[in-house]
Amino acid sequence: MPQTLRMPDLGPRPDVRTSDGWGKRARVLNSDPRMQRVTFNHWVRFPGQSPVAMTSAQRAALMQTVLDRPSSAVRVTGLSALSLYGLPVAPPDAAFDRALGHRPADRAHDYAKMLSTVHLSWSGQRMRTPARNVFVSKSYGLDRFPGPWGARLADPVEALVVAAPYLSRWRLTACLDTLVSRSIRQQDGHDMYQYDRALIRQRLGQLPPTSPRVHRVTTALADVAENTWSPRETLTRLLVMAHDLPTPVMNFRVVLDGTDRYLDLAWPHAKVAVEYNGADHTDRRLYGDELFRRQRLEDSGWKIRFLVLEDLLNPARRALWLEWLATELTP
């Protein structure tokens with residue numbers, strides 16, 4: 001049973017210094033294939049001879065640590081912070097918006113670009129943009145939390161509000177589902193305190209009440225369900241609800257053969273369940289174990305429909321399993 005969400009491992013932290021720290025002129029550092037520029041005055045050298053391009057998450061973490069000052073309290077925010085928390089942000093998926101009947105986010109066309117753009121914020125003394133492809137804004141002033149490589153991250157709710165113009169409504173809900181269902185484990189092994197609906201509402205209440213960004217997150221919070229363990233579970237649940245079917249119990253616990261089993265979406269009163277299968281069945285033993293598990297659940301009276309991504313995306317296939325579900329849930 002998943003209980004924690006681990007922040008991503010960025011690998012060993014590389015050496016980052018100013019040009020004076022490297023003892024070389026900027027022109028020389030820029031021409032060295034082993035060096036990569038972090039800010040207008042900071043360069044990094046990763047271990048090894050073969051240069052590997054920094055990811056946007058690595059760049060965001062390094063940039064925050066070299067720019068942070070007591071007077072400005074810099075933090076990583078927006079999509080950059082959500083990625084460093086390990087929350088489910090991913091490439092755009094307009095097909096899911098269409099399936100749910102949701103209007104695209106106001107700045108959905110910038111989503112892919114913003115995923116690779118570092119987003120920092122400051123409170124106190126204003127901070128200037130430190131490099132190209134960096135977006136800097138004023139912080140709402142919520143807490144900062146330790147992240148990978150010692151970076152300081154904006155509160156997840158604040159980061160979500162900052163990212164709201166780029167994220168589809170269902171993905172906002174998926175991030176909130178994760179926050180209320182799993183505690184975030186920091187690099188030092190400690191867990192951040194567990195978010196719940198009340199705490200998220202409290203955090204939102206500290207932000208500008210008329211902000212469209214805050215309104216989008218508040219709207220998405222209405223669709224949240226505890227005990228949701230993956231964004232595909234969120235999406236499947238929202239598709240069910242969009243067709244006016246009863247709300248499922250998420251990851252319902254069933255004890256079978258002395259073992260705890262969890263059904264992704266379940267309607268216990270009818271012994272009906274929907275399972276999203278995102279695994280690649282290249283392992284014959286695992287595939288056999290899954291078939292056995294399914295058979296034992298059916299032996300005990302459960303009716304189960306297994307779904308893959310195409311069942312969510314393809315309108316004809318989606319209609320088939322939703323019709324099956326409606327029939328099974330009809331008294």
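**Exercise 1. Asp-223 and its partner**

Is Asp-223 buried or exposed in this predicted model, and with which residue does Asp-223 form a salt bridge?

*Solution.*
Step 1. Start with accessibility: Asp-223 has a relative accessible area of 14%. Buried means under 20%, so Asp-223 is buried.
Step 2. Now look for the partner. Asp-223 forms a salt bridge with Arg-169, and the closest N and O atoms are 2.9 Å apart.
Step 3. Place both residues on the chain. Asp-223 sits in the loop between helix H10 (212-221) and H11, while Arg-169 belongs to helix H8, so the pair ties together parts that are 54 residues apart in sequence.
Step 4. Check the partner's accessibility too: Arg-169 has 29% relative accessibility and counts as partly exposed.

**Exercise 2. H8 against H10**

At what angle do the axes of H8 and H10 cross, and which residues make the contact?

*Solution.*
Step 1. Two packed helices are described by the angle between their axes and the distance between the axes.
Step 2. For H8 and H10, the axes cross at roughly 70° and come within 8 Å. Angles from 65 to 115 degrees count as roughly perpendicular, and that makes H8 roughly perpendicular to H10.
Step 3. Add the hand: H8 and H10 have a right-handed crossing.
Step 4. List the contact residues. H8 contributes Arg-169, Leu-172, Thr-173 and Leu-176, and H10 contributes Arg-216, Val-217, Thr-219, Ala-220 and Leu-221. Sorted by class, the contact of H8 with H10 has 5 nonpolar, 2 polar and 2 charged residues. You have already met Arg-169 as the salt-bridge partner of Asp-223.

**Exercise 3. H8 against H11**

How do helix H8 and helix H11 pack, and which residues meet?

*Solution.*
Step 1. Take the geometry. Helix H8 (residues 169-181) and helix H11 (residues 231-242) have axes 9 Å apart and pack at an angle of about 125°. That makes H8 oblique to H11.
Step 2. Give the hand: the crossing of H8 and H11 is right-handed.
Step 3. Name the residues that meet. On the H8 side they are Trp-170, Thr-173, Ala-174 and Asp-177; on the H11 side they are Pro-231, Arg-232, Thr-234, Leu-235, Arg-237 and Leu-238.
Step 4. Count by class: the contact of H8 with H11 has 5 nonpolar, 2 polar and 3 charged residues.

**Exercise 4. A salt-bridge network**

Which residues are linked with Asp-257 in a network of salt bridges?

*Solution.*
Step 1. Recall that side chains of opposite charge can pair when their charged atoms come close.
Step 2. Begin with one pair: Asp-257 and Arg-261 meet through their side chains in a salt bridge (4.0 Å, N to O).
Step 3. Extend the search, and Asp-257, Arg-261, Arg-296 and Asp-299 turn out to be linked in a network of salt bridges.
Step 4. Look at the accessibility of the pair from Step 2. Asp-257 counts as partly exposed at 44% relative accessibility, whereas Arg-261 is buried, with a relative accessible area of 13%.
Step 5. For another pair, turn to Arg-253 and Asp-260, whose side chains meet in a salt bridge (3.3 Å, N to O). Arg-253 is partly exposed at 48%, and Asp-260 is partly exposed at 38%.
Step 6. For the tally, the count comes to 19 salt bridges.

**Exercise 5. Two arginines**

Where does Arg-203 lie, where is Arg-13 found, and which residues does each touch?

*Solution.*
Step 1. Arg-203 lies in helix H9 (residues 197-205) and is buried, with a relative accessible area of 9%.
Step 2. Leaving out residues up to four places away in sequence, Arg-203 touches Leu-142, Asp-143, Asp-155, Val-157, Tyr-193 and Tyr-195.
Step 3. Arg-13 is found in the loop between strand S1 (4-6) and strand S2 (15-18), and counts as partly exposed at 39% relative accessibility.
Step 4. With the same exclusion of residues up to four places away, Arg-13 touches Leu-62, Thr-65 and Trp-149.

**Exercise 6. Helix H4**

How many residues of helix H4 are buried, and what phi does Gly-86 take?

*Solution.*
Step 1. Helix H4 (residues 78-85) is mostly covered, with 7 of its 8 residues buried.
Step 2. The buried residues in H4 are Gly-78, Leu-79, Ser-80, Ala-81, Leu-82, Leu-84 and Tyr-85.
Step 3. Just after H4, Gly-86 takes a positive phi of about 90°.

Methods. Residues are numbered from 1 along each chain as its sequence is written. This is a predicted model: local features need pLDDT of at least 70, side-chain atom pairs count only at pLDDT 80 or more; totals for chains, interfaces and linings use all residues. Side-chain values use heavy atoms; hydrogens and water are left out. Axes are lines fitted to C-alpha atoms, for helices over the stretch in contact, and angles run from 0 to 180 degrees between N-to-C directions. Helices (H or I, at least four residues) and strands (E, at least two) are DSSP runs, numbered from the N terminus. Angles under 35 degrees count as roughly parallel, over 145 as roughly antiparallel, 65 to 115 as roughly perpendicular and the rest as oblique. A crossing is left-handed if the near helix is turned anticlockwise from the far one by less than a right angle, and right-handed if clockwise. Contact means heavy atoms within 4.5 Å. Ala, Val, Leu, Ile, Met, Phe, Trp, Tyr, Cys and Pro count as nonpolar, Asp, Glu, Lys and Arg as charged, and the others, Gly among them, as polar. Buried means under 20% relative accessible area, exposed over 50%, partly exposed in between (1.4 Å probe, protein chains only).
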